[in-house]
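Visitor: I'd like to go through this one with you and ask how each label is earned. Can we put it on the screen?

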Amino acid sequence: MIKGIIKNHSQNLYRFDRIHSVLFIKNSTLIGAFSPSQSKFYAQSHNFNILKDSTEHDTTLPSFMVGYKNGFLPRQDPLAKLPDRFYALEHLLQNMPIHLPNGGEGLLAKGQLGNAVKDLPQFDVSDITDQRLLSALFRDYTFLASSYLLEPCDIMYRERKSYGIGREILPKNIAIPLSIIANKLNAFPFMEYALSYSLYNYQRTDSTKPVVYSNLKLIRAFAGTPSEHGFILVHVAMVAHSGNLVKYTMETIEATQEKDRAKFNNALKNLSDTMNLINQEMETMWERSNSDDYLKFRTFIMGSKNQPMFPNGVIYEGVSEKPLFYRGESGANDSMIPCMDNLLQITSKLPKNPLTEVLKDFRKYRPTNHKEFLDFVQRSAEEVNVRGYAIQVSLYLANMDQIRAFRHRHWNFTKEYIIKNTAHPVATGGSPIVTWLPNQLGTILDQMNKIGQTIDYNKLTPENKIIIDEIVNKVNAQERVLKREVKFLKQQFGSSQDRVVI
């Protein structure tokens with residue numbers, strides 16, 4: 001059992017209270033726990049090592065570590081430009097998007113990336129230990145890999161509105177360095193939501209100002225359009241609120257363990273307020289990313305698993321003689337809603353079916369420290385029984401309502417941005433486009449109905465009675481509408497929605 005404060009070499013502080021962990025300490029620096037072949041931390045505790053300070057100048061620790069300041073964002077601003085050593089890669093990426101910042105056409109506009117990749121050196125990255133540089137290289141190689149593999153599909157989609165077949169071999173000058181970097185980061189060698197596409201793909205216009213949408217610009221792009229800029233950076237602006245989400249998650253667990261009702265109620269109130277801010281930020285997607293433009297860059301975030309463009313997977317030249325299959329980038333890789341699911345003990349209520357197994361598979365595609373934190377939250381919430389302690393508190397239902405609002409909005413985005421514009425039967429991550437999101441949304445609606453039935457109205461204030469009634473009535477209506485929508489859309493998309501690849 002470890003208690004107290006451990007200093008690293010740059011004198012930044014970490015908090016390790018009541019952590020049953022295996023940590024390797026040498027020269028006052030945490031080591032060993034960051035080996036690519038094992039988990040970064042072995043947290044098996046009543047508390048978790050959460051950064052109190054984001055240690056912005058320390059390049060020896062992983063870019064993604066859950067913190068009270070940074071939440072689920074990287075603890076340092078992403079490295080926007082590669083060092084001169086990688087000039088050829090940087091130059092290629094800057095000239096890759098369909099639309100360039102100067103108004104010209106990039107390599108992807110006319111299908112010229114494939115030939116351009118032939119001239120890219122095979123960089124040796126085996127010596128790199130700087131975590132910020134590793135994260136930037138992972139982002140950049142995954143952008144290049146997805147662009148290369150899916151370039152033919154994008155061209156065909158622009159011409160015929162069908163995807164055809166992607167390239168089945170990733171050349172060694174991309175595959176080898178990408179695989180080495182992925183191993184160092186304990187990640188899959190394919191584009192991810194946090195590690196590359198979204199959360200490590202922003203730059204603050206003014207580094208003295210906070211991470212808010214108006215202060216952000218994109219680092220890498222496929223289409224290079226305002227809608228792509230908006231789509232990616234709205235996600236960053238949402239996750240910028242996650243520091244408080246982490247804080248109030250921990251306070252909820254601590255208050256439950258201490259049986260401190262006042263502290264518990266305050267934590268749930270603050271948690272609900274934080275989720276409301278995230279949902280408000282999410283709502284801005286409609287104005288910042290045109291739904292008619294989404295399919296113009298969506299092609300490049302498809303995966304190689306359960307996608308008709310890659311029926312035989314992808315061979316990573318010089319890495320594996322057998323084809324590899326990876327899920328595409330997806331908002332399902334984000335950690336905020338899984339954190340809420342685990343804290344409120346909703347995850348255990350998900351139906352035991354193939355769609356839920358796909359959800360579990362999605363949750364492997366995120367930074368290791370995020371995965372461990374989410375596991376910790378789930379384990380701790382079950383140990384102290386957050387749900388049992390909260391079941392008579394209307395604030396618990398209010399937090400569930402924030403999850404419902406998030407998932408319902410996500411479903412609305414899917415209908416408007418995707419289903420309305422394409423008959424492609426699977427989402428970017430390889431899940432059925434019609435049935436997968438309703439699996440999770442239907443669960444929260446069902447659980448809210450059940451919780452609503454347990455509330456003792458005699459103990460509610462008149463104001464809270466009105467609030468609870470509004471929530472319950474809304475849930476009942478959405479549940480009926482969702483069932484009708486899924487039934488209709490399953491008829492439209494046919495048997496493809498019954499095929500679930502785990």
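Visitor: What volume does the second largest pocket have?

Guide: About 360 Å³. Bear in mind that this is a predicted model. The second largest pocket is lined by 17 residues, and Glu56, Lys69, Asp77, Arg204 and Val211 are the closest to its centre.

Visitor: What is the make-up of that lining by class?

Guide: For the second largest pocket it's six nonpolar, five polar and six charged residues.

Visitor: And how much space lies in the largest pocket?

Guide: About 440 Å³. Its lining has 20 residues, with Pro101, Leu218, Ile219, Arg220 and Ala221 closest to the centre. Elements that each supply at least two residues of this lining are α1 (87-94), β7 (216-218) and α6. By class, the lining of the largest pocket splits into nine nonpolar, six polar and five charged residues.

Visitor: What makes something a cavity here and not a pocket?

Guide: Escape of the probe: in a cavity a 1.4 Å probe fits but cannot get out, whereas a pocket is an open set. Three cavities of 30 Å³ or more are counted that way, and the largest holds about 700 Å³ of space.

Visitor: Which residues are closest to the centre of the largest cavity?

Guide: Ser330, Gly331, Ala332, His410 and Leu437, out of 38 that line it. Helix α15 gives the largest share of that lining, seven residues. Other helices that supply at least two residues each include α5 (193-197), α11 (336-343) and α16 (436-454). The classes come to 23 nonpolar, 10 polar and five charged.

Visitor: Let's do helices. Why is α8 called roughly parallel to α15?

Guide: Helix α8 (residues 261-283) and α15 pack at an angle of about 15°, with axes 9 Å apart. Angles under 35 degrees count as roughly parallel, so α8 is roughly parallel to α15. The crossing of α8 with α15 is left-handed.

Visitor: Which residues of the two helices meet there?

Guide: From α8, residues including Leu268, Leu271, Met275 and Ile278; from α15, residues including Tyr396, Ala405, Phe406 and His410. The contact of α8 with α15 has 11 nonpolar, seven polar and three charged residues.

Visitor: How do you know that α15 is roughly parallel to α17?

Guide: Helix α17 (residues 462-493) packs with α15 at an angle of about 30°, and their axes are 11 Å apart. The cut-off is under 35 degrees, so α15 also earns the roughly parallel label with α17. Their crossing is left-handed. Among the residues that meet are Trp411 and Ile419 in α15, and Ile468, Leu482 and Phe493 in α17. By class, that contact has 10 nonpolar, four polar and five charged residues.

Visitor: What makes α3 oblique to α4?

Guide: The angle between α3 (residues 131-160) and α4 (residues 172-185) is about 140°, with axes 9 Å apart. Roughly antiparallel needs over 145, and 65 to 115 is roughly perpendicular. The α3 and α4 angle fits neither, so α3 is oblique to α4. Their crossing is left-handed.

Visitor: Which residues make that contact?

Guide: Among them are Leu134, Phe138, Tyr141 and Tyr148 of α3, along with Ile174, Pro177, Ile181 and Leu185 of α4. The contact of α3 with α4 divides into 13 nonpolar, four polar and one charged residue.

How values were computed. Residues are numbered from 1 along each chain as its sequence is written. This is a predicted model: local features need pLDDT of at least 70, side-chain atom pairs count only at pLDDT 80 or more; totals for chains, interfaces and linings use all residues. Side-chain values use heavy atoms; hydrogens and water are left out. Axes are lines fitted to C-alpha atoms, for helices over the stretch in contact, and angles run from 0 to 180 degrees between N-to-C directions. Helices (H or I, at least four residues) and strands (E, at least two) are DSSP runs, numbered from the N terminus. A crossing is left-handed if the near helix is turned anticlockwise from the far one by less than a right angle, and right-handed if clockwise. Contact means heavy atoms within 4.5 Å. Ala, Val, Leu, Ile, Met, Phe, Trp, Tyr, Cys and Pro count as nonpolar, Asp, Glu, Lys and Arg as charged, and the others, Gly among them, as polar. On a 1 Å grid over the protein atoms alone, a cavity is a set of points where a 1.4 Å probe fits but cannot get out, and a pocket is an open set with protein on both sides within 12 Å along at least five of seven lines; lining residues have an atom within 4 Å of a point. Grid points are joined across faces, edges and corners, and a volume is the space filled by probe spheres set on the points.
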